Amino acid sequence: MSLTEQPPDPGPDAPDAEAPDAAQAALRDRISADSLTTRRDYLRIVATVSGGLAVGGIGVASGILHRHGDSDGPPEPKKIADSLPPGESIAFRYPEEEDRAVAIRLADGTLAGYSAVCTHLACAVLWRKDRGSEGELYCPCHEGIFDARTGEVTAGPPPRPLPKVLLVEGTDGSVWAVGTTRSGESVQEGLCRQLGEDRPGLAGRLGCPGAGGSPLDSTLERSRRT
């Protein structure tokens, strides 16, 4: 055979000719199958997480899930701190153990209490005292921000302000939680709704229509004894 001649074609039936192509084809098929499985698993995870967040948001918005301040009856006063210095905060549970809340003492001495559950998708709300002149309440899930003095939304996706927790200070400096409101409801409206005729003395002190009056300290004193 001269140098110019080409080797003969082994033909389609030759065993060694088809083996490399068959192996490469099998490898390509396996990679494609693995990639498809990976993509399907990824999409399934994304759909599950997104669906869970959506259901949670719809549940909170529609009232299916528990909301802070939803109780119709008056909550019992609860001591949450022996004292609370200006610029500090404390996390607590009120009125029930599943109700996360936060109390803040602003720089001017004002006490402010709120539900610590974001009104967007029920993530935890945190206190950041180094933000602005009075600090801020912050939801890290979707960058929601609430005003520390009013609970109103100042940035992000939350659709409603934080429900309030009414705080009072005893003569010894102790801090007590004595009631809650629903989102957008004033402290007086929330407490008057909850108190009704069960606590006419406290209702009268708050100016609820048709209620009598008695000092708040007596209510707190009865709670201390019990």
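**View 1. Residues 213-217 form a low-confidence stretch of this predicted model.** Here pLDDT (the predictor's confidence in each residue, from 0 to 100) stays under 50, and the model has 12 contacts beyond four places in sequence for these residues. Contact means heavy atoms within 4.5 Å. Residues 35-66 also keep a pLDDT under 50, with 15 such contacts. Where pLDDT is low, please do not read the predicted coordinates in detail. For the chain, the average pLDDT is 74, and 58% of the residues score at least 70.

**View 2. Ser183 sits in the loop between β10 (175-180) and α2 (187-195).** Helices (H or I, at least four residues) and strands (E, at least two) are DSSP runs, numbered from the N terminus. Ser183 counts as partly exposed because its relative accessibility is 27%; buried is under 20% relative accessible area, exposed over 50%, and partly exposed in between (1.4 Å probe, protein chains only).

**View 3. Meet the neighbours of Ser183.** Leaving out residues up to four places away in sequence, Ser183 touches Thr119, Arg160, Pro161 and Pro163. A polar atom of the Ser183 side chain lies 2.6 Å from the backbone oxygen of Pro161.

**View 4. Strands β5-β6-β7-β8, in that order, make an open sheet with antiparallel pairing.** At the edges stand β5 (126-128) and β8 (153-155), each with a single partner strand, so one side of each has no neighbour in the sheet. From one strand to the next, the twist averages 40 degrees. Trp127 stands opposite Leu137 in β6.

**Notes.** Residues are numbered from 1 along each chain as its sequence is written, and side-chain values use heavy atoms, without hydrogens and water. In this predicted model, local features need pLDDT of at least 70 and side-chain atom pairs count only at pLDDT 80 or more, while totals for chains, interfaces and linings use all residues.

Technical notes: A polar contact is a pair of N or O atoms within 3.5 Å; within protein, one must be able to donate a hydrogen and the other to accept it, and residues adjacent in sequence count only if both atoms are side-chain atoms. Two strands pair if DSSP finds at least two bridges between them. Axes are lines fitted to C-alpha atoms, for helices over the stretch in contact, and angles run from 0 to 180 degrees between N-to-C directions.
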